[in-house]
Protein chains: 2
Amino acid sequence: MIQPQSVGIVVPQKARFAEPLPLRSGGTLNDYELVYETYGALNAACSNAVLVCHALSGSHHVAGTHAGEPGSSGWWDNLVGPGKPLDTRKFFVIGVNNLGSCYGSSGPNTVNPATGRLWGADFPFVTVEDWVDAQARLADRLGIERFAAVIGGSLGGMQALSWTLQYPDRVGNAAVIASAPKLTAQNIAFNEVSRQAILTDPDFHGGHYYEHGVVPERGLRLARMIGHITYLSDDAMAEKFGRSLRHGKTVFSYDVEFEIESYLRYQGDKFAGFFDANTYLLTTKALDYFDPAFEHGGNLNAALARAAASFLVVSFSTDWRFSPERSREIVYALLHNRRDVSYAEIDSAAGHDSFLLDDARYHALLGAWFDRIEV
Amino acid sequence: MIQPQSVGIVVPQKARFAEPLPLRSGGTLNDYELVYETYGALNAACSNAVLVCHALSGSHHVAGTHAGEPGSSGWWDNLVGPGKPLDTRKFFVIGVNNLGSCYGSSGPNTVNPATGRLWGADFPFVTVEDWVDAQARLADRLGIERFAAVIGGSLGGMQALSWTLQYPDRVGNAAVIASAPKLTAQNIAFNEVSRQAILTDPDFHGGHYYEHGVVPERGLRLARMIGHITYLSDDAMAEKFGRSLRHGKTVFSYDVEFEIESYLRYQGDKFAGFFDANTYLLTTKALDYFDPAFEHGGNLNAALARAAASFLVVSFSTDWRFSPERSREIVYALLHNRRDVSYAEIDSAAGHDSFLLDDARYHALLGAWFDRIEV
């Protein structure tokens, strides 16, 4: 094995689709664009493609760096590259920005071709299933009839799972990581508070804040702070910050006293500076809506009967956003249907964020799983 | 045992204190008032007094109802009364509103005697220890040298614990329920997001919103919504709300779709209509600051060496705000010091809120514990 390397400088590409895309929310996107990146080369048989699905705040930029932008490494750069677990010497890897996102694909911060103005709050609700449909059209465009694998963590894992249900013949293998078959009431509750923070920000203007020259930064900042609490485990927070006091003692002020406050404010401020509030709203709704068992009367066994892929399901011991128990629900439903599934619960202190980290056992597992895929 | 009854109509009383109260934050309250209620009668030996300490949004109104206000039952009415676990035929029970609160005791929404204007954001930071000092002065005023017991849940439990450290000779028994010896980083994180919601609300005006004729309702509402997520267990939310859809299906809207959203909005709206934002800020800070082990280099064993009371420590199995593990920290430190302590972990689905509920095993335990106290 060579020393793992970066895929190097990468250039995002854009595909425009003129055929209407019907959406689960009832609307239709008549004309839309998807931004994507690819790493490695598609083989002659077109049999080595791997789709990487992104989570709430992710994008198409999975690996490598953008020219002239130091520090612009992709969000899963530790996983994807020559000699890395998802080895680009063997696989042709695709990252695609989902509809409704804010990184270049059609979304609230792009122009509605029908009006010539920014979509804003008029961008339609999109679901995990809609994203998968759009990804399938991109696959068609790239000449990929069947993916060797689809992989994703968290909301990305929901897309990987949904691929196996919507297009069972087009997915050979699916890795569903740190994910869940649907949100719990508590998951929805956290999303709802985040949405309310944005929706009630006076700068939100019903989602048409672009026209007012403002951004609901306060709301977006609070949403991200709430998110970060759920991404880290209680243990990880205790280990990273504990009750460390910035001034060594309490100073009786609403400025930063405990280091955890500084961390949250920093993450909130940073995020509010670049992410789009309408995208945050749409994406949390897509999370809330995902529930493939719903149309089967809540029966997940029945819902997963359509899946034909070989599965890898991975959870992390301290993930309380999507706990191991939630992953096991998926595993049990697959086993009930006698599907091929490997399950690993990785012992990690980092909580939900673990799926993004370079844990040796986790990456060894993924590497072995990808190695066994014949292309 | 008689059929448990209410203490009936109760009338809050007010005590004014003109002797300066030094505060841990460095300031002094020169002149302050405490609102309190009492239930039952103080015996001739003044040996049957029980102090009930309230939590974040609680008050002096522990039991009974206020005249002309149907539905105004005290927050622990199920516990306190004739024939109830804290039996007012035996005990003289006192509820006192803490300094900085918004239910009548001196706080941000009361007049600063030095200026003749509302305190607002100028009300000094107060700590658990300050509250206990003020409660001790009220005890002096009422002729109570030593409490038969001090009891509290959550932040109230911290006060009960602190009583045994600040005034070890004045507490015979202490019940520390659903509490912790200090907040974790995650606990502080939730408080911090709640504070930021209030502090960044444009209607906050640096805490002097009274003068502007507005209230930071948006921030207070979000703070309460976040709070409610941490008061309920994941299981309790699943049982009460699950993924129940108001319209039986997804309707793709930011109005209420899932019932949990309705619950959170209702709780947030209600709270924002009556609670004071400055009090919320001060009280979450008091929570963050509480850490009796701090001045002992983090050694809780050393910190609790001063305690002389007989303890009851109670936790609830699904409480993830202050988990059973946190209560056991207190128990272990007391055992290390060979103190008298009983510990019970109550199997309850209701999460942190359990301490307020009328659970049969929990109340039987409290009743038995109070029964054994000789007055």
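Where does Arg224(A) sit, in which helix? I looked: Arg224(A) is in helix H4, residues 217-231 of chain A.

**Ground rules**

Before going further, I note that this is a predicted model, in which local features need pLDDT of at least 70, side-chain atom pairs count only at pLDDT 80 or more, and totals for chains, interfaces and linings use all residues. Residues are numbered from 1 along each chain as its sequence is written, chains are lettered from A and ligands numbered from 1 in the order in which they are written, and side-chain values use heavy atoms, with hydrogens and water left out. Helices (H or I, at least four residues) and strands (E, at least two) are DSSP runs, numbered from the N terminus.

**Entry 1: the binding-site pair**

I started from Arg224(A) since UniProt, in an unreviewed entry, puts it under "binding site" together with Asp353(A). I keep in mind that UniProt positions are given in the numbering used here, feature names are shortened, and annotations may be inferred rather than shown by experiment. The two are spread over 130 residues of sequence, yet they cluster in space, with a largest C-alpha distance of 13.8 Å.

Arg224(A) has a relative accessible area of 12%, so I log it as buried (under 20% relative accessible area; exposed is over 50%, partly exposed in between, with a 1.4 Å probe and protein chains only). Beyond its neighbours within four places in sequence, I find Arg224(A) in contact (heavy atoms within 4.5 Å) with Ser57(A), Tyr231(A), Gln267(A), Gly268(A), Phe271(A) and Tyr280(A). Asp353(A) is in the loop between E14 and H10 of chain A. With the same neighbours left aside, Asp353(A) is in contact with Tyr231(A) and Leu232(A). Tyr231(A) is thus on the list for Arg224(A) and on the list for Asp353(A).

**Entry 2: the active-site trio**

Next I checked "active site" in UniProt, also an unreviewed entry, which lists Ser154(A), Asp319(A) and His352(A). These are spread over 199 residues of sequence but cluster in space, the largest C-alpha distance being 10.7 Å.

Ser154(A) is in the loop between E11 and helix H2 (155-166) of chain A, and it is buried at 7% relative accessible area. His352(A) is in the loop between E14 and H10 of chain A, and it is buried at 3%. I then looked at how these two side chains meet: they make a polar contact at 2.8 Å (a pair of N or O atoms within 3.5 Å; within protein, one must be able to donate a hydrogen and the other to accept it, and residues adjacent in sequence count only if both atoms are side-chain atoms). Outside four places in sequence, the contacts of His352(A) include Asp319(A), Thr230(A) and Tyr231(A). Those of Ser154(A) include Ala55(A), Ile177(A) and Phe355(A).

**Entry 3: the sheet behind it**

I traced the strands and got an open sheet of 8, with mixed pairing, in the order E1-E4-E8-E5-E11-E12-E13-E14 (chain A). Two strands pair if DSSP finds at least two bridges between them. E1 (13-17) and E14 (341-346) of chain A are the edge strands, each pairing on one side only. Neighbouring strands are turned by 20° against each other on average, direction ignored (axes are lines fitted to C-alpha atoms, for helices over the stretch in contact, and angles run from 0 to 180 degrees between N-to-C directions).

E4 (32-39) and E8 (92-96) of chain A are antiparallel over 4 bridges, and Glu37(A) stands opposite Gly95(A) in E8(A). Helix H1 (128-141) of chain A lies across E1, E4, E5 and E8, at about 105° to E1(A). Helix H10 (360-371) of chain A packs on the sheet too, touching E5, E11, E12, E13 and E14, and its direction makes about 175° with that of E13(A).

**Entry 4: Ser59(A)**

I found Ser59(A) in the loop between E5 and strand E6 (80-81) of chain A, buried at 10%. A polar atom of the Ser59(A) side chain lies 3.0 Å from the backbone nitrogen of His61(A). Not counting residues up to four places away, Ser59(A) touches His54(A), Trp75(A), Val96(A), Asn97(A) and Tyr103(A).

**Entry 5: the two chains**

Last, I superposed chain B on chain A: a rotation of 180° with 0.0 Å of shift along its axis does it, RMSD 0.0 Å (least squares on the C-alpha atoms of residues with pLDDT of at least 70 in both). That is the relation of a two-fold axis. Of the interface residues of chain B, 98% are also interface residues in chain A, so the copies meet through the same surface.
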